[in-house]
Amino acid sequence: MITAERKPLEELIEYVRPFKRILLLGCNECVTVCAAGGRKEVGLLASGLHMALLKSGSTIEIREHTLERQCDPEYVEELVPMIDGVDAIMSMACGCGVQELARRFKGKPVFPAVNTKFMGASERQGVWAERCQGCGDCLLGKTGGICPIARCAKQLMNGPCGGSTGGHCEIGDDVDCAWALIWERLKELGQEERFVEIMPAKDWRPGGGSGPRKIIREDLAE
Amino acid sequence: MDTFEPVIVAFCCHYCAYTAADMAGSQRLTYPSNVKIIRVPCSSKVDALHIVKAFEMGADGVYVAGCLEGDCHFKNGNTRAARMVDYVQKYMDEIGIERERLEMVMMSAGMGYRFAQVATEITEKIRKLGPSSIHAAICRQHVDTCAVVVE
């Protein structure tokens with residue numbers, strides 16, 4: 001999923017302060033799962049903004065709504081009847097959702113309420129960790145299902161660096177060395193020979209090195 | 001401010017604090033009527049949103065009362081509730097409400113005396129802190145109907 005974290009309240013207050021009525025918009029997808037921008041977080045933020053502004057003597061009307069998905073135009077379209085009644089939109093979706101709103105509602109200021117972080121998985125309740133950087137040329141089949149691009153601080157392609165100690169990365173004891181994990185996993189699979197295969201220098205063009213990326217499925221595209 | 005009577009919301013677990021409140025009543029123990037009890041099936045049922053909404057509506061203090069550590073009817077609901085209270089306290093710092101206005105307390109169903117004591121202590125603490133800034137702001141907007149004297 002795409003993970004996110006709410007921005008500091010102070011920053012958000014400055015965004016909304018000039019307006020009288022805003023639409024605070026959540027998303028039912030990734031940001032709901034990582035507890036950053038779902039219906040509940042919309043309620044919490046609306047309440048927090050309302051109180052913080054009330055303290056400083058100003059009031060604001062915050063209309064709350066949560067879309068099934070903010071990154072799809074079909075769902076964004078359902079906002080049309082609500083848009084005229086508000087001065088600005090604050091989105092709790094990832095950067096994709098915020099940009100979709102800005103594209104659809106050109107006359108309305110749109111503000112992000114969260115910082116979009118990374119593509120990750122849930123390690124345990126309340127903990128999410130980066131697992132994929134969307135490099136566009138997945139090599140998990142060669143590395144025992146563990147990604148050295150997303151999980152090695154140096155994105156090394158051929159084994160660990162000298163900073164790997166006891167299975168941990170030199171950047172912190174709470175960070176696993178991706179190549180130590182890969183070695184352990186290959187051993188479990190009986191595929192140790194994969195470890196000595198030399199991987200060529202990675203082509204970063206599919207990973208965004210040649211500009212913004214796009215997928216066109218000709219059978220589906222209209 | 002001497003006449004200030006705080007509004008305090010107490011979310012009480014059915015299996016401990018709520019029964020302790022009942023016990024306090026049976027023992028003819030008195031506690032301040034400022035405390036408004038909301039019964040919940042477990043302290044972990046209380047959401048951050050419930051607490052924040054209570055403050056938004058003008059509560060001067062809120063506390064969540066769960067079972068003693070290790071005694072939760074649902075295994076670990078009370079420790080989860082305590083973590084949620086910590087989280088909301090940090091959010092209160094951001095909003096600008098004193099974190100002392102929110103507390104997690106633990107007790108067993110037999111502790112009627114402790115329930116009355118906790119209710120009294122928290123009421124006194126909040127009374128000393130005065131009206132919450134949100135309560136005061138609401139009163140500034142509704143001077144004619146609000147009981148709190150706003151300076």
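How many residue pairs are in polar contact between chain B and chain A? Let us work up to that count in three short exercises.

This is a predicted model, in which local features need pLDDT of at least 70, side-chain atom pairs count only at pLDDT 80 or more, and totals for chains, interfaces and linings use all residues. Residues are numbered from 1 along each chain as its sequence is written, chains are lettered from A and ligands numbered from 1 in the order in which they are written, and side-chain values use heavy atoms, with hydrogens and water left out.

**Exercise 1. Describe how chain B meets chain A.**

Step 1. Start with contacts, meaning heavy atoms within 4.5 Å. On this basis 17 residues of chain A are in contact with 18 residues of chain B.

Step 2. Turn to buried area, the accessible area (1.4 Å probe) that two parts lose on being put together, summed over both. Between chain B and chain A this comes to about 1,500 Å², with 61% given by carbon and sulfur atoms. In chain B, the residues that lose the most area to chain A are B:Y91, B:E94 and B:I95, together 33% of what that side buries.

**Exercise 2. Find the polar links between the two chains.**

Step 1. Look for salt bridges (a side-chain nitrogen of Lys or Arg within 4 Å of a carboxyl oxygen of Asp or Glu). The count between chain B and chain A is 2. A:R6 forms one with B:E94, and their closest N and O atoms are 2.7 Å apart.

Step 2. Now settle the opening question. A polar contact is a pair of N or O atoms within 3.5 Å; within protein, one must be able to donate a hydrogen and the other to accept it, and residues adjacent in sequence count only if both atoms are side-chain atoms. There are 8 such residue pairs between chain B and chain A, both residues being at pLDDT 80 or more.

**Exercise 3. Explore the largest pocket.**

Step 1. A pocket is an open set of points on a 1 Å grid over the protein atoms alone, where a 1.4 Å probe fits, with protein on both sides within 12 Å along at least five of seven lines; lining residues have an atom within 4 Å of a point. The largest pocket is lined by 31 residues, and nearest its centre lie A:A35, A:E41, A:G126, A:W128 and B:Y87.

Step 2. Ask which element contributes most. With helices being DSSP runs (H or I, at least four residues) numbered from the N terminus, α3(B) gives the most to this lining, 8 residues.

Definitions and conventions:
Helices (H or I, at least four residues) and strands (E, at least two) are DSSP runs, numbered from the N terminus.
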